[in-house]
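The following exercises are to be worked with the sequence and the three-dimensional structure at hand. Each task is followed by a solution in steps.

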Amino acid sequence: MSTTQSERLRELLEPLVASQGLDLEEIAVDSVGRRRVLSVVVDSDTGADLDRIADVSRALSAKLDETDAMGEGEYTLEVGTPGAERSLTEHRHYVRATDRLVRFQLHEGGELVARILAVDEDGLDLGVPGVKGRKATTRRLPFGDIDKARVQVEFNRKDTKNDNQPENDNKTEEEEA
């Protein structure tokens, strides 16, 4: 997809998505065989249930039908959410991932798996699970030290709604395999 088409689609669709109380996270146009697929990823601080996805999908479809933003050929519109193992690239993504386990790739090399406890303008307060019987620790991680961050799917997590300390027996999807 050309930058011009991407920018035009974002300018066209973002206000509609915002009017539904959602954030436009991604837009992608891909060719699948002879057909084109327009994928739109949306999210919000409170999540996006199926009813909200259906509402925004209808609004986007109607707007696209009114314009020539997708050109003459047929295409399929797919609207969804970022998914369980989303990449964290914006400040709002980190806020939404509070209390989730995240795998960080650090600028200076190395990797860190920790639970986001709090987010502010400068960085993150993390709960780092203890290893080999050691106690969990907390750590401050400035945004400038992060190269990549991705939420991890957890299995066997104990309910810790009132306890922000990481559990020692949490396992990520990769560790389960």
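**Exercise 1. Determine which residue of β2 is the bridge partner of A28, and describe the sheet around this pair.**

Step 1. In β2, A28 has S39 as its bridge partner; strands are DSSP runs of E, at least two residues long, and helices are runs of H or I of at least four residues, numbered from the N terminus.

Step 2. Nine bridges join β1 and β2, in the antiparallel sense; two strands count as paired if DSSP finds at least two bridges between them.

Step 3. The open sheet consists of three strands, ordered β1-β2-β3, with mixed pairing. Because β1 (23-32) and β3 (75-80) at the edges each have a single partner strand, one side of each is left without a neighbour in the sheet.

Step 4. On average, neighbouring strands are turned by 15° against each other, direction ignored. The helix α2 packs on the sheet and touches β2 and β3, its direction making about 150° with that of β3. Axes are lines fitted to C-alpha atoms, for helices over the stretch in contact, and angles run from 0 to 180 degrees between N-to-C directions.

The model is predicted: local features need pLDDT of at least 70, side-chain atom pairs count only at pLDDT 80 or more, and totals for chains, interfaces and linings use all residues. Residues are numbered from 1 along each chain as its sequence is written, and side-chain values use heavy atoms, leaving out hydrogens and water.

**Exercise 2. Establish whether S44 is buried or exposed, and identify its surroundings.**

Step 1. S44 is found in the loop between β2 (35-43) and α2 (50-66).

Step 2. Its relative accessible area is 6%, so S44 is buried (under 20%; exposed is over 50%, partly exposed in between, with a 1.4 Å probe and protein chains only).

Step 3. The side chain of S44 makes a polar contact with the side chain of R52 at 3.4 Å. Such a contact is a pair of N or O atoms within 3.5 Å; within protein, one must be able to donate a hydrogen and the other to accept it, and residues adjacent in sequence count only if both atoms are side-chain atoms. A polar atom of the S44 side chain also lies 2.7 Å from the backbone oxygen of G47.

Step 4. Leaving aside neighbours within four places in sequence, S44 is in contact (heavy atoms within 4.5 Å) with G21, L22, D23, R52 and R96.
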